[in-house]
Amino acid sequence: LDQDDSLDDFTPRRITLDCVEKRVHVAGSGPAVIVMAEMPGISPHVARFARWVRDAGFTVYMPSLFGRDGAVPGVEEGVAVFRRACVSAEFRAFAANESHPVTQWLRALARQAHSECGGPGVGAIGMCFTGNFALSMMLEPAVLAPVLSQPSLPINDPAGMHIAPDELAAVKARMDAEDLTVLAYRFEGDKFCKAARFAAYEAALGDRFQGRVLADEHANPDSPMKNPHSVVTLHLIDEEGQPTRAARDEILDFFKMRLSD
């Protein structure tokens, strides 16, 4: 995990949707799950998680949204990627109560993935910078299993939700009508995804929002990032009995439950 990942067990595709082309790494078979990378991109840790999803019986669609695919970024490169994304009109990183324009493209990707893979619908997981995307993607009827891992936007509002109020209301109405839920994860002391954000989600979605808060002591102490943050990637401890591995398994079970025929 400290070496660049060639991603050679994924098929790189150029997919154009809504007149926008992006690279998407695809692997596996079965119902589709869209895995959206955390900042600063598709790292070896993100790819490892995508392979777990693939091996659980799904077709993974992993879009390249920022950074160098497969790279272990240095500090300077990571900061540069973060700064570019923060000022990008695609992400609107500082805007509370607004939706990312990129989520429209991701909803179209979910629609295409469902058409290609079949099954009841599509799963989606966002992490950190992309953490809230899976919730906005529920405006696409194909998305049935959304997961928010340490959703960190908007950057300057700990209680903010990066989704427009009318879209949030539409998502809530759909979840009630179809008996759907959203899973969410954070570490208790995470500086980027604080308790106020989960409280805001719970206030808006009620028991449709199922938040999980892990103790900081359960984050991987060997991670180069000392702030406990990345539940299923950098800070996951892949050992029996570890809460982060249990979180990963719960996510995989959630996808199986929602996306099985």
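Me: Which residue does Val147 stand opposite in β7?
Reply: Val147 stands opposite Leu183 there. Worth saying up front: this is a predicted model, so local features need pLDDT of at least 70 and side-chain atom pairs count only at pLDDT 80 or more, while totals for chains, interfaces and linings use all residues. Residues are numbered from 1 along each chain as its sequence is written, and side-chain values use heavy atoms, with hydrogens and water left out.

Me: What makes β6 and β7 a pair, and in which sense do they run?
Reply: Two strands pair if DSSP finds at least two bridges between them. Strand β6 (residues 143–149) and strand β7 (residues 182–187) have three bridges, in the parallel sense, so they pass that test. As for the names, helices (H or I, at least four residues) and strands (E, at least two) are DSSP runs, numbered from the N terminus.

Me: What about β1 and β2: how many bridges join them, and in which sense?
Reply: Seven bridges, antiparallel. One of the links puts Leu17 against Val20 in β2. β1 and β2 also form a hairpin, with two residues between them. β2 then runs antiparallel to β4 over five bridges, where Ala27 has Val60 as its bridge partner.

Me: What is odd about Asp18?
Reply: Asp18 has a positive phi of about 50 degrees, yet is not a glycine. Most residues other than glycine have a negative phi, and most peptide bonds are trans. You'll find Asp18 in the loop between β1 and β2.

Me: And where are the cis peptide bonds joining Met39 to Pro40 and Leu153 to Pro154?
Reply: The Met39–Pro40 bond has omega of about 10 degrees, and Pro40 sits in the loop between β3 and α1. For Leu153–Pro154, omega is about 0 degrees, with Pro154 in the loop between β6 and α5 (165–178).

Me: In what order do the eight strands of the open sheet come?
Reply: They go β1-β2-β4-β3-β5-β6-β7-β8, with mixed pairing.

Me: Why do β1 and β8 count as the edges?
Reply: β1 (11–17) and β8 (209–214) each have a single partner strand, so one side of each lacks a neighbour in the sheet. Neighbouring strands are turned by 20 degrees against each other on average, direction ignored. Axes here are lines fitted to C-alpha atoms, for helices over the stretch in contact, and angles run from 0 to 180 degrees between N-to-C directions.

Me: How do helix α1 and helix α7 pack?
Reply: Helix α1 (residues 44–55) and helix α7 (residues 243–259) meet at about 45 degrees, with axes 10 Å apart.

Me: Why is α1 called oblique to α7?
Reply: Put that angle of about 45 degrees against the bands: under 35 degrees is roughly parallel, over 145 roughly antiparallel, 65 to 115 roughly perpendicular, and the rest oblique. That makes α1 oblique to α7.

Me: Which residues make the contact?
Reply: With contact meaning heavy atoms within 4.5 Å, α1 brings Phe49, Trp52 and Val53, and α7 brings Arg248, Ile251, Leu252 and Phe255.

Me: How many helices and strands are there in the protein?
Reply: Seven helices and eight strands.

Me: What makes the protein as compact as a globular one?
Reply: The globule rule is 2.2 Å times the number of residues to the power 0.38, and the radius of gyration is taken over C-alpha atoms. For 261 residues the rule gives 18 Å, and the protein comes out close to that at 17 Å, so it is as compact as a globular protein of that length. Its C-alpha atoms fill a box of roughly 45 × 40 × 40 Å along the principal axes.
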